[in-house]
Amino acid sequence: MNRNDLGRKVARLATNAAVRSPFLWRLFRPLVRRMFDAIAPSWDQMRMEDTFAPFEVALAAVEPKPRKVLDLGTGTGEGAFVLARQLPDAEIVGADLAARMLDQARERTPPELASRVRFERADASALPYADGSFELVTHANMIPFFDEVARVLAPGGQALFAFSSGSTTPIYVPPERMREELERRGFTDFAEFEAGRGVAILARKPQAA
Ligand SMILES: C[S@@+](CC[C@H](N)C(=O)[O-])C[C@H]1O[C@@H](n2cnc3c(N)ncnc32)[C@H](O)[C@@H]1O
């Protein structure tokens with residue numbers, strides 16, 4: 001098995017473990033962080049031309065247009081840049097566990113987006129943001145931590161989850177499982193999208209009672 005195949009297997013194993021139990025994530029966290037730190041310099045060369053197709057299609061359906069957005073597992077920042085371009089009035093935070101991915105993201109930030117996009121080191125399983133801080137929380141090929149997404153989203157805010165290669169994406173959670181986890185936390189207004197080789201899901205946190 002080569003290094004890439006091993007990395008894909010670790011990513012899938014870590015995703016399944018984290019969705020099943022955030023406690024298990026603690027065992028995988030150092031490994032996942034090291035793995036993404038190591039591939040940070042070559043990450044952008046590995047991207048397919050339609051990597052963000054499902055992300056963009058789902059983003060176009062977000063209503064009302066959010067002004068505060070969190071892109072979790074932002075990696076080298078491409079998702080954050082897509083968000084900033086499609087949402088010209090929004091402030092975007094890109095968060096990631098791997099410092100070297102964030103170094104690349106900061107270096108790649110186009111000057112015209114720099115005043116609205118910032119990158120911060122954070123673990124999506126224990127975010128350093130207050131309850132209800134964001135109107136949209138996005139994930140592109142990122143392990144979902146449902147409790148934290150529900151916590152940092154404002155009432156009525158939306159969560160977006162995109163997987164660039166559908167079920168063959170190393171970090172992938174089937175739509176029925178996503179829906180089950182989100183419904184358990186009160187999310188509604190589910191929408192599923194297919195674009196390029198991938199899929200995406202959009203869901204809304206309920207308005208406060
Ligand atoms: C497959 S990459 C996707 C990067 C980017 N979203 C893209 O699609 O190009 C997954 C990213 O999530 C980050 N990540 C994994 N687990 C994380 C966690 N618990 N908190 C924050 N970032 C995490 C990794 O460091 C990596 O940069």
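Two strands pair if DSSP finds at least two bridges between them. Helices (H or I, at least four residues) and strands (E, at least two) are DSSP runs, numbered from the N terminus. The model is predicted: local features need pLDDT of at least 70, side-chain atom pairs count only at pLDDT 80 or more, and totals for chains, interfaces and linings use all residues. Residues are numbered from 1 along each chain as its sequence is written, and side-chain values use heavy atoms, with hydrogens and water left out.

**Exercise 1. Describe how strand S1 is joined to strand S2, and how far S1 is covered.**

Step 1. Strand S1 comprises residues 68-72 and strand S2 residues 91-96; the two run parallel and are joined by five bridges.

Step 2. Individual partners can then be assigned. Lys68 is placed opposite Glu91 of S2, and Asp71 has Gly94 of S2 as its bridge partner.

Step 3. Burial is judged by relative accessible area: buried means under 20%, exposed over 50%, and partly exposed in between (1.4 Å probe, protein chains only). Four of the five residues of S1 are buried, and the strand is thus mostly covered.

**Exercise 2. Establish the strand order of the sheet, its edges and the helices that pack on it.**

Step 1. The sheet is open and has seven strands, in the order S3-S2-S1-S4-S5-S7-S6, with mixed pairing.

Step 2. Strand S3 (117-121) and strand S6 (188-195) are the edge strands; each has a single partner strand, so one side of each lacks a neighbour in the sheet.

Step 3. Axes are lines fitted to C-alpha atoms, for helices over the stretch in contact, and angles run from 0 to 180 degrees between N-to-C directions. With direction ignored, neighbouring strands of this sheet are turned by 20° against each other on average.

Step 4. Contact means heavy atoms within 4.5 Å. Helix H4 (residues 78-86) packs on the sheet and touches S1, S2, S3 and strand S4 (134-140), its direction making about 150° with that of S3. Helix H7 (residues 175-184) also packs on the sheet, touching strand S5 (153-163), S6 and strand S7 (198-204), and its direction makes about 160° with that of S6.

**Exercise 3. Which residues come nearest to the ligand, and how much of the ligand does the protein bury?**

Step 1. A residue is near a molecule or strand if one of its heavy atoms lies within 4 Å of it. There are 20 residues around the ligand, of which Gly73, Asp96, Asp123, Ala124 and Ala140 come nearest.

Step 2. A polar contact is a pair of N or O atoms within 3.5 Å; within protein, one must be able to donate a hydrogen and the other to accept it, and residues adjacent in sequence count only if both atoms are side-chain atoms. Polar side-chain atoms lie 3.0 Å from a ligand oxygen atom in the case of Trp43 and 2.6 Å from a ligand oxygen atom in the case of Asp96. From Ala140, a backbone N or O atom lies 2.8 Å from a nitrogen atom of the ligand.

Step 3. Accessible areas come from the Shrake-Rupley method with a 1.4 Å probe; for residues, only the protein chains shown count as cover. The ligand taken alone exposes 590 Å², and the protein buries 98% of that.

**Exercise 4. Is Thr15 buried or exposed, and what does its side chain reach?**

Step 1. Thr15 belongs to helix H1 (residues 3-20).

Step 2. Its relative accessibility is 0%, so Thr15 counts as buried.

Step 3. The Thr15 side chain reaches the backbone oxygen of Ala11 at 2.7 Å. With neighbours within four places in sequence left aside, Thr15 contacts Ile143, Pro170, Ile171, Tyr172 and Val173.

**Exercise 5. Locate the cis peptide bond and the residues Asn141 and Asp189, whose phi is positive.**

Step 1. The cis peptide bond runs from Glu63 to Pro64, with omega near -10°. Pro64 lies in the loop between H3 and S1.

Step 2. Asn141, in the loop between S4 and helix H6 (146-152), has phi near 55° although it is not glycine. With a relative accessible area of 22%, Asn141 is partly exposed.

Step 3. Asp189 is in strand S6 and has phi near 50°, again a positive value in a residue other than glycine. Its relative accessibility is 47%, so Asp189 counts as partly exposed.
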